[in-house]
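Work through these exercises with the structure open beside you. Try each task before reading its solution.

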Amino acid sequence: MCYHMECMSGIIIKTGLANSGKGWFIMKKLYKILAIIGAAGTCAFATLGGVYAFNYYTKQEEAKAAAAELKRREGIVESYSEVSYGNKMFDGIDLSGMTIEEISGTLKSGSKVYKDRKVKLTVDGKKYTCSMKKLGEDIFYKTSDGSKFQLGEEEEIAGIIVNMDKDRTMQEQYGIINGENSPSEYSVKIKCKYNKKKLEKLIGKLSENHVKPVTNARINKDGSITKQEEGRALKLDKIKKGLKKYLQSESKKNYKAEYATTSVKPEWKKEDLKRINTVISEFSTSFVSSSSRGHNIQVGASRINGTFLLPGERISFDQAIHDSSDGQGFMAAGSYLNGEVVQTEGGGICQVSTTAYNALLLAGIIPVRRLPHSMTVHYVPIGLDAAISEGVKDLIVENTYDVPIIIKAFTQGNTLTFQIVSYKGVLGDYSYKPRSVPLSSLKAEAYLDIYKNGKLKESKFLHTDTYREEN
């Protein structure tokens, strides 16, 4: 007996009983089973293949849709390549969605308002109109990142605004466009800066046209009196402050203001000066009038004589004595230099300042500046001299009274005299006396003794001087 075995779908079939009825029945049943299994497998395979095909098709469609969406977004982003994103402002104007040309035009139009501003002033009915150009105002752009741009650089600013955020990814830019992402903030403002020099020039013009200094009555050196004149005042500081504030502001309107001058009355009138008639102090020194030194003393005294000082006014003896506008000249005479007596033009004029110094102290007036000689002099006690040397040493005197004074200086024979003249009774109950306290032959202290009703009230220390010996 021959046996043949086949294996199919995990079932072992034994053959060999082909002619057996029972075997045929089994075979037939097996074939039915196999047919059913094959049909089921085919259906399963077909089903799996359909699912795969469906998924594949779906993914392809999704990919196409995604590509189309990407392309759409890219197109939208591309449409913004030459315009600005949001959060871009200029002087309250939204620059979003504008091109470089549009932003530049907006900036120029906005700045023109400031360039066209005018300052209109009226002073005592006289009108003044000044443009920003005439006033030299600097108008410029200031951005939120601190950058500064001049007028004429509008396209550069516009380029920065349009290109801002364009370096971000396409998706990020798309997010900015549809509002999912925030664009960078950027703002531009107009700033104004005034020109100090040009503003001062305008203020100077107003002063020249409308301000008139008050003229007090004065006594001239020849004894004549210059009559007082009323002045006109203008609040220039107020005008300047207002203009400065406006020129630095962002106001788009013209500046308009009206001002008026006010009268300034003279403090000292002609009748006031007639009361200057009393000699309140006097001091004299001796000299040889017939010498070249005597000549210099007489010239120097004549240049000081008649000096009129209102309260608070000063005189520099150095400047006054060396003023040769009177046509007189000095002669060579003895003067001190490096411990020696040498011949110089103007030698001897220090006696003029020294005599004046003592007369002033007797009037209770302590000079603002006083310097000693290098060596002692013979015509006053040690420590009570006052030297002058052109550009080096000076005697500067200020009228410390609340009334005017006149400094008179004259020579009579071999005597030089200085007088301080003022109102009668200006000293009141006080009198003054300078005092020298020698510490050695070359050193001394000086004091001003102050008396009230004849009694010593105070000894005011003036200075300590040290002199050198003559070579």
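## Exercise 1: A four-stranded sheet

In strand 22, the residue bridged to Ser286 is Thr415. This is a predicted model.

**Task.** Starting from that bridge, work out in what order the strands of the open sheet with strands 15, 16, 21 and 22 run, and which strands stand at the edges.

**Solution.**

1. Begin with strand 15 and strand 22. They pair in the antiparallel sense over 9 bridges.
2. Go on to strand 21 (residues 405-412) and strand 22 (residues 415-423). This pairing is also antiparallel and has 7 bridges. Within it, Ile407 has Ile420 of strand 22 as its bridge partner.
3. Now put the strands in order. The open sheet reads 15-22-21-16, with antiparallel pairing.
4. Find the edges. Strand 15 (276-286) and strand 16 (307-309) have a single partner strand each, so one side of each lacks a neighbour in the sheet.
5. Add the twist. From one strand to the next it averages 20°.

**Task.** Look at the hairpin of strand 21 and strand 22: which residue takes a positive phi? Then find how many residues of strand 22 are buried.

**Solution.**

1. The hairpin leaves 2 residues between its strands. Gly413 is the residue with a positive phi, near 65°.
2. Strand 22 is mostly covered, with 8 of its 9 residues buried.
3. Look for a helix on this strand. Helix 10 (residues 350-362) lies across strand 15 and strand 22. The helix runs at about 135° to strand 15.

## Exercise 2: The largest pocket

**Task.** What is the volume of the largest pocket, and which elements each supply at least two residues of its lining?

**Solution.**

1. The volume is about 660 Å³.
2. Locate the centre. The lining has 28 residues, and Ser335, Tyr336, Thr344, Cys350 and Ile388 are the closest to the centre.
3. Assign elements. Strand 18 (332-337), strand 19 (340-345) and helix 10 each supply at least two lining residues. The largest share, 4 residues, comes from strand 18.
4. Sort the lining by class. There are 11 nonpolar, 13 polar and 4 charged residues.
5. Link back to the sheet. Helix 10, which contributes to this lining, also lies across strand 15 and strand 22.

## Exercise 3: A mixed sheet and its helices

**Task.** In what order do strands 5, 6 and 13 form their open sheet, and which strands does helix 5 lie across?

**Solution.**

1. The order is 6-5-13, and the pairing is mixed.
2. The edges are strand 6 (126-131) and strand 13 (255-259), each paired on one side only.
3. Neighbouring strands are turned by 15° against each other on average, direction ignored.
4. Check one pair. Strand 5 (residues 118-123) and strand 6 are antiparallel over 6 bridges. Here Leu121 has Tyr128 of strand 6 as its bridge partner.
5. Place helix 5 (residues 196-210). This helix lies across strand 5 and strand 6, at about 165° to strand 6.
6. Place helix 6 (residues 236-247). It packs on the sheet and touches strand 5 and strand 13. Its direction makes about 165° with that of strand 5.

## Exercise 4: A cavity

**Task.** How many cavities of 30 Å³ or more are there, and which residues line the largest cavity?

**Solution.**

1. The count is 1 cavity of 30 Å³ or more.
2. The largest cavity has a volume of about 30 Å³.
3. Its lining consists of Thr376, Val377, Val380, Pro381, Ile382, Gly383, Asp385 and Tyr467.
4. By class, that gives 5 nonpolar, 2 polar and 1 charged residues.

## Exercise 5: Met98 and helix 4

**Task.** Is Met98 buried or exposed?

**Solution.**

1. Find the residue. Met98 sits in the loop between strand 4 (93-94) and helix 2 (100-115).
2. Apply the cut-off. Buried means under 20% relative accessible area. Met98 has 17% relative accessibility, so it counts as buried.
3. List its contacts. Leaving out residues up to four places away in sequence, Met98 touches Glu82, Val83, Ser84, Ile103, Thr106 and Val162.

**Task.** Which residues of helix 4 (residues 170-177) are buried, and which residue with a positive phi follows helix 4?

**Solution.**

1. The buried residues are Gln173, Tyr174, Gly175 and Ile176.
2. Gly179 follows helix 4, with a positive phi near 90°.

Technical notes:
Residues numbered from 1 in each chain as written. Predicted model: local features only at pLDDT ≥ 70, side-chain atom pairs only at ≥ 80, totals over all residues. Heavy atoms only, no water. Pairing = 2+ DSSP bridges. Axes fitted to C-alpha atoms, helices over the stretch in contact; angles between N-to-C directions. Contact = heavy atoms within 4.5 Å. 1 Å grid on protein atoms, 1.4 Å probe; cavity = no way out; pocket = protein on both sides within 12 Å on 5 of 7 lines; lining within 4 Å. Points joined across faces, edges and corners; volume = space filled by probe spheres on them. Nonpolar A, V, L, I, M, F, W, Y, C, P; charged D, E, K, R; others polar. Buried < 20%, exposed > 50% of the residue type's maximum accessible area, 1.4 Å probe, protein only.
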